[in-house]
Amino acid sequence: MVRPDRRVSRRLAWGDALCIVLFAVIGLQTHGEPLSLAGIVRNALPILLVWWLVSPFLRTYTRPSWQNLLYTWAIAVSAGVWLRFMALQKPFDLGYLIFWVVALGATLVLLLAWRGLALAWLRQLRSKP
């Protein structure tokens, strides 16, 4: 894939971050918890922190590809869920495993949908004279 300019990279990064925040919002609403900044931070921040730590090493934005996105997703969501459970001092039991699987599935769907839209948008921009 062609290296994107910084503007495109920033938009991809913001879109990815919004997908993770949306995952947290959907989770809060699904579980009947109040939609609050504290709840969003509690559920999204650990994943986002790992995402921002690993994405430069995996070239998620300097050389965007489906492969780089999937590597970043797998590492960030898995480590972020682990970090969340550690910070909240929750047990690593069946609840952890269920949350991890749901987090992997839900974030993957959101990220793939976003990146698919972004790819279509980029192709449209490139086809304009």
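**Reading surface exposure in a predicted model**

Biologist: Why is A13 called partly exposed?

Modeller: In this predicted model, A13 has a relative accessibility of 22%; buried means under 20% and exposed means over 50%, with partly exposed in between, so A13 counts as partly exposed.

Biologist: Where is A13 placed, and what separation do the C-alpha atoms of A13 and T72 have?

Modeller: A13 lies in helix α1, which covers residues 6-30, and although A13 and T72 are 59 residues apart along the chain, their C-alpha atoms are separated by 12 Å.

Biologist: What makes F92 partly exposed, and where is its place?

Modeller: The relative accessible area of F92 is 41%, and because partly exposed is what falls between under 20% and over 50%, F92 is given that name; its place is in the loop between α3 and α4, the latter being residues 94-127.

Biologist: Which residues make the nonpolar surface patch, and which element gives the most to the patch?

Modeller: The patch, of about 850 Å², is made by L37, V41, L45, L49, W52, W82, L83, M86 and F92. Helix α2 gives the most, with five residues, while α2 (37-58) and α3 (66-87) each supply at least two. Membership requires over 30% relative accessible area, and F92, at 41%, is therefore above that cut-off.

Biologist: How do you know what confidence the predictor has in the chain?

Modeller: The protein chain averages a pLDDT of 93, and 96% of the residues score at least 70. Among its elements, α3 has the highest mean pLDDT, 97, and α4 the lowest, 92.

Terms used
Residues are numbered from 1 along each chain as its sequence is written. This is a predicted model: local features need pLDDT of at least 70, side-chain atom pairs count only at pLDDT 80 or more; totals for chains, interfaces and linings use all residues. Side-chain values use heavy atoms; hydrogens and water are left out. Patches are made of residues with over 30% relative accessible area and no salt bridge: like charges are joined within 9 Å, nonpolar side chains (Val, Leu, Ile, Met, Phe, Trp, Tyr) within 5 Å. Accessible areas come from the Shrake-Rupley method with a 1.4 Å probe; for residues, only the protein chains shown count as cover. A salt bridge is a side-chain nitrogen of Lys or Arg within 4 Å of a carboxyl oxygen of Asp or Glu. Helices (H or I, at least four residues) and strands (E, at least two) are DSSP runs, numbered from the N terminus. Buried means under 20% relative accessible area, exposed over 50%, partly exposed in between (1.4 Å probe, protein chains only). pLDDT is the predictor's confidence in each residue, from 0 to 100.
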